[in-house]
Amino acid sequence: MSSYETMPFHLETERLILRPWAESDAAEFSALLSERGDETYTVERGRKGIVELLTATETTGIALLPVQRRAEGDFIGYCGLIIGRSTLEEPEIAYELFRHAHGLGYATEAAGAVLDAAAATGRKRLRSTVGSWNTPSLRVLEKLGFERDRVSMEGTKEVVWLTRSLP
């Protein structure tokens, strides 16, 4: 088992609440994933995805959390820590928001709360990987103090690797 503390699974910011997944998130989660445009995700697939996320959280003590706006109460995406292309010792920060929530500072706000939660676990460094085409996401990470580490190719796609030390 990990020597790190379990990540807090309920985070609040001025405008956002990050909380554990519920089965009732399946339709919106599926819609968010479908918005990527590469395939359509069914509600059942969203439900299975949530079960997988909850299982991973039980195993790792880190979580990808739904993000909802505090005032409106609506689901706008997710943000949290995953193993991804990294390790449990240096997990990746990951986030994705509906397009209608882009450009409003929500990703930076949610990821900032996740940075604090990661530091509370005792970790010393986080990673992130982002497609080189995703300029808005790269900007969010740079605002949060992530620095470019390297670039790799995954098939025909260029991936930027970033790191950030934690206090």
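## Contacts along the chain

In this predicted model, contacts in the chain between residues at least 6 apart in sequence can be sorted by how far apart the partners lie in the sequence. Of these contacts, 59% join residues at least 24 apart. Individual residues described below illustrate such pairings.

## Overall architecture

The chain contains four helices and eight strands. Read from the N terminus, the order of the elements is β-β-α-α-β-β-β-α-β-α-β-β. The radius of gyration is 15 Å, close to the 15 Å that the globule rule gives for 167 residues, so the chain is as compact as a globular protein of that length. Along its principal axes, the C-alpha trace spans about 35 × 35 × 30 Å.

## Surface and charge

Of the 167 residues, 48% count as buried. The accessible surface of the chain is about 8700 Å², and carbon and sulfur atoms account for 51% of that surface. The chain carries 20 positive and 25 negative charges, and the mean positions of these two sets are 3 Å apart.

## Helix α1

Helix α1 covers residues 26-34, and its buried residues are A26, F29, S30, L32 and L33. These residues cover an arc of only 160° around the axis, which puts them on the same side of α1. An α-helix has 3.6 residues a turn, so residues three or four places apart point the same way. The elements that cover the buried residues of α1 include α2 (43-60), β4 (75-82) and β5.

## Helix α4

Helix α4 spans residues 135-143, with S137, L138, V140 and L141 as its buried residues. Viewed down the axis of α4, the buried residues fall within an arc of 155°, so they line one face of the helix. Their packing partners are β5 (92-97), α3 (106-120), β6 (125-131), β7 (147-154) and β8 (157-165).

Is E142, another residue of helix α4, buried or partly exposed? E142 has a relative accessibility of 38% and therefore counts as partly exposed. From E142 to A113 the separation is 29 residues in sequence and 15 Å in space, C-alpha to C-alpha.

## Two buried strand residues in contact

S128 belongs to strand β6, while V160 is found in strand β8. With a relative accessibility of 2%, S128 counts as buried. V160 also counts as buried, at 2% relative accessibility. Although S128 and V160 are 32 residues apart along the chain, their C-alpha atoms are separated by 8.2 Å.

Which residues does S128 touch, not counting residues up to four places away in sequence? They are E92, I93, L141, F146, V160, W161 and L162. One of these, L141, is a buried residue of helix α4.

V160, for its part, is in contact with S128, T129, V130, S132, L138, R148, R150 and V151, leaving aside its neighbours within four places in sequence. Among these partners, L138 is a buried residue of helix α4. A further distance for V160 is the one to W133: the two residues lie 27 apart along the chain, and their C-alpha atoms are separated by 9.4 Å.

## A buried loop residue

Where is I62 located? I62 lies in the loop between α2 and β3 (64-69). Is this loop residue, I62, buried or exposed? Residues under 20% relative accessible area are classed as buried, and I62, at 3% relative accessibility, therefore counts as buried.

Beyond its neighbours within four places in sequence, I62 is in contact with M7, F9, T57, L81, I82, I83, L88, P91 and R123. The C-alpha atoms of I62 and T6 are separated by 6.5 Å, with their positions 56 residues apart along the chain.

Conventions. Residues numbered from 1 in each chain as written. Predicted model: local features only at pLDDT ≥ 70, side-chain atom pairs only at ≥ 80, totals over all residues. Heavy atoms only, no water. Rg over C-alpha atoms; globule rule 2.2 N^0.38 Å. Buried < 20%, exposed > 50% of the residue type's maximum accessible area, 1.4 Å probe, protein only. Contact = heavy atoms within 4.5 Å. Areas by Shrake-Rupley, 256 points an atom, 1.4 Å probe, with all protein chains shown as cover. Lys, Arg positive; Asp, Glu negative; His and termini not counted. Charge placed at Lys NZ, Arg CZ, Asp CG, Glu CD. Arc of directions from axis to C-beta.
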